[in-house]
Amino acid sequence: MQPVYFDYNATTPVAPEVLAAMMPFLTGSFGNPSSSHALGRQAHAAVERARAEVAGLIGAEPDEILFTGGGTEANNLAIRGSLAPDDHRAVVTTAIEHPATEECCRLHEAAGRVVRRVAAGPDGIVRAADMAKAIDRDAGLVTVILAQNEIGTVQPVAEISALARSAGALIHTDAAQAVGKLPVDVRRLGADLLSIAGHKLNAAKGIGALFIRRGVAVRPLLVGGGQERGIRPGTENVPYIVGLGAACALAGERLTHRRGMLAALSQRLLTGLRETVPGLVLVGDPERRLPNTLNVLFPGVSGRRLLETCPAVMASVGSACHADSEEPSAILTALGFERAAALGAVRLSLGWDSTPEDIDTAITELAGAWRSLASVRQSAA
């Protein structure tokens with residue numbers, strides 16, 4: 001039996017349309033965008049076309065899009081590059097950020113800057129009122145994930161942006177998991193900086209983008225040539241940039257239909273698991289969440305062991321970034337789950353290619369694996 005892939009939050013396959021857009025720039029159209037001859041001009045035009053496609057998906061202007069090597073680099077540029085070394089104002093963030101954000105905040109702390117982390121509620125959502133208590137006149141940057149990568153909850157970034165702006169702070173949001181799954185508009189969000197990861201929306205790994213609102217200054221982390229306004233120097237990765245543009249255009253075309261489809265499939269999966277696995281717990285708010293993401297706790301078993309016993313379903317235990325650890329997810333413990341319960345977590349994230357048949361297979365196989373493990377555990381007891 002072909003395994004069911006339910007790990008789209010970890011990475012997505014490159015869409016055929018994206019690969020087709022990339023191929024000419026991997027073969028004959030190989031020019032350097034900085035070259036003035038015909039091949040160079042062709043490459044430059046392709047990069048700028050992709051810039052407009054990325055901007056179009058998130059309601060930005062093309063000159064506000066900076067290409068990066070991925071979401072992690074975009075987060076680093078935004079969080080580390082937006083505050084000058086002599087700017088000693090505080091950073092305000094949350095306790096449920098992706099490591100690409102949290103580690104940047106730790107670097108600020110190591111340099112002596114104050115970092116305040118606001119806890120989420122038991123439903124996995126940070127309250128704007130709690131953020132307001134942490135954001136005051138000494139805040140220089142507020143960074144909040146838009147859609148939490150492990151549990152899928154969507155944070156009130158627009159409300160938090162208003163608080164940051166009134167305090168004179170910049171606002172950054174890591175939108176890697178949200179872009180392509182939810183409507184994202186940088187103006188409505190009030191974001192000054194917003195990070196995108198290409199491989200989360202059917203582009204290739206190793207390409208991303210950072211939205212930088214006009215008038216916001218970001219210092220480069222690398223030095224070199226003047227590419228990407230000197231903020232991200234180095235010869236542009238033309239094929240991957242073109243692919244990201246194509247993926248954003250494709251996401252824009254599919255978003256409304258696919259969002260509803262994914263929500264319906266996720267609900268079917270959750271209903272089926274609840275019927276076959278008594279005591280199954282959904283982590284996070286049941287409504288304010290990504291349409292494709294379920295983080296569920298299987299009672300009395302290890303999520304890692306469950307997936308090892310169920311090769312028919314490819315999924316994650318929490319975040320893929322923690323895939324080698326049997327320790328419970330820090331996100332779940334931050335939400336107040338006890339260690340034993342948190343170890344039962346499995347993240348099931350669907351994609352554009354998921355089908356009702358995939359859902360039914362996953363329900364049958366996961367429930368069967370859980371019953372097998374639970375039976376062994378009861379016998380041992």
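**Group meeting: helix α1 and the overall fold**

In helix α1, which runs over residues 16–26, the buried residues (under 20% relative accessible area, 1.4 Å probe, protein chains only) are Val18, Met22 and Phe25. They cover an arc of only 45° around the axis, taking directions from the helix axis to the C-beta atoms, and this puts them on the same side of α1. As a reminder, an α-helix has 3.6 residues a turn, so residues three or four places apart point the same way. The cover over the buried residues of α1 includes α2 (38–58) and α8 (238–276), with contact meaning heavy atoms within 4.5 Å.

I should say that this is a predicted model, in which local features need pLDDT of at least 70 and side-chain atom pairs count only at pLDDT 80 or more, while totals for chains, interfaces and linings use all residues. Residues are numbered from 1 along each chain as its sequence is written, and side-chain values use heavy atoms, with hydrogens and water left out.

Turning to the whole chain, there are 12 helices and 12 strands, assigned as DSSP runs (H or I, at least four residues, for helices; E, at least two, for strands) and numbered from the N terminus. The radius of gyration is 21 Å, close to the 21 Å from the globule rule for 381 residues, so the chain is as compact as a globular protein of that length; the radius is taken over C-alpha atoms, and the rule is 2.2 Å times the number of residues to the power 0.38. Of those 381 residues, 56% are buried, and among contacts between residues at least 6 apart in sequence, 73% join residues at least 24 apart.

Definitions and conventions:
Buried < 20%, exposed > 50% of the residue type's maximum accessible area, 1.4 Å probe, protein only.
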